[in-house]
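Trainee: Could you take me through one part of this model closely, the nonpolar core and what surrounds it? I would like the cut-offs spelled out as you go.

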Amino acid sequence: MVMKNIKTLILCALTTIMLSSCGYNTMVEKQEGVEAAWAQVENVYQRRADLIPNLVATVKGYAAHESETLTAVVEARAKATGVTIDASNINEASLQKFQQAQDGLSSALSRLLMVQENYPDLKASEQFRDLQVQLEGTENRITVERQKFNDAARDYNTYIRKFPNNLIAGFFSFTSKPYFTAKAGAEEAPTVQF
């Protein structure tokens, strides 16, 4: 009985040592890095969503009959904030759905910002200009955080695909994470006509 307990204890100790040096802990760290990077992506998209009600209210004050554009922005915001992803279970399909909702919001915002051309008072409004600057800064932050997410996902994906890590990753169900990609057609330069 004592001999069996000693063997079990030695086996447990060896297993612990092997697992701690097999890369499992590094996989967990890298997976957490991907999830933290995703949280930052969601954070900056939320910042953009939080700016939209102020932007819509400002435009509404100057361009009341642009209700179709304002409604489109509000609906796109609702769609974009309604799509959430569990960072621990992120996959290609869920990321694509999230990206489509965000692209819809970007498109609606572009139309809203074009409204200013028809309203000189709106264009001159200090509040509108401040909101535009904040929105532009947020769009830049989104780009930076998406890149950081892609970097974290690449680091994680590379690590779990290397031998012998791929064996451990398969055993413990570590799966690859998707990347943010450019919108379809983004590789073509837009045509400018005068």
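Mentor: Happy to; here is the core, then its surroundings, with each term explained where it comes up.

A word on conventions comes before the details. This is a predicted model, in which local features need pLDDT of at least 70 and side-chain atom pairs count only at pLDDT 80 or more, while totals for chains, interfaces and linings use all residues. Residues are numbered from 1 along each chain as its sequence is written, and side-chain values use heavy atoms, with hydrogens and water left out.

Let's set the frame. The chain has seven helices and zero strands; helices (H or I, at least four residues) and strands (E, at least two) are DSSP runs, numbered from the N terminus. Buried residues make up 35% of the 194 residues, where buried means under 20% relative accessible area, exposed over 50% and partly exposed in between, with a 1.4 Å probe and protein chains only. Among contacts with a separation of 6 or more, 78% link residues 24 or more positions apart; a contact means heavy atoms within 4.5 Å.

Now for the core itself. A nonpolar core is a set of buried Ala, Val, Leu, Ile, Met, Phe, Trp, Tyr and Cys residues joined through side-chain atoms within 4.5 Å. The largest one holds 44 residues, and Trp38, Val59, Leu109, Leu112 and Phe149 touch the most other members. Two or more residues each come from α2 (24-62), α3 (67-82), α4 (92-114), α6 (126-161) and α7 (165-171). Of these, α2 gives the most, with 12 residues.

Phe149 is a good place to zoom in. Leaving aside residues up to four places away in sequence, Phe149 touches Val34, Ala37, Trp38, Val41, Ile90, Pro178 and Phe180. Next comes Asn150, which sits in helix α6 and is buried, with a relative accessible area of 15%. With the same sequence neighbours left out, up to four places away, Asn150 touches Tyr179 and Phe180. The C-alpha atoms of Asn150 and Tyr179 are separated by 5.4 Å, although the two are 29 residues apart along the chain.

For contrast, look at Glu29 in helix α2. Glu29 counts as exposed, at 55% relative accessibility. Its C-alpha atom is 8.9 Å from that of Tyr156, which is 127 residues away along the chain.

Two backbone details are worth a look as well. Phe163 and Pro164 are joined by a cis peptide bond, with omega about 5°, and Pro164 is found in the loop between α6 and α7. In the segment after α7 you will find Ser173, whose phi is near 60°, a positive value in a residue other than glycine. Ser173 is exposed, with a relative accessible area of 59%.

Lastly, the largest pocket. On a 1 Å grid over the protein atoms alone, a pocket is an open set of points where a 1.4 Å probe fits, with protein on both sides within 12 Å along at least five of seven lines, and lining residues have an atom within 4 Å of a point. Eleven residues line the largest pocket, and Tyr45, Glu139, Ile142, Thr143 and Arg146 lie nearest its centre. Helices α2, α4 and α6 each give two or more residues to this lining, and the largest share, five residues, comes from α6.
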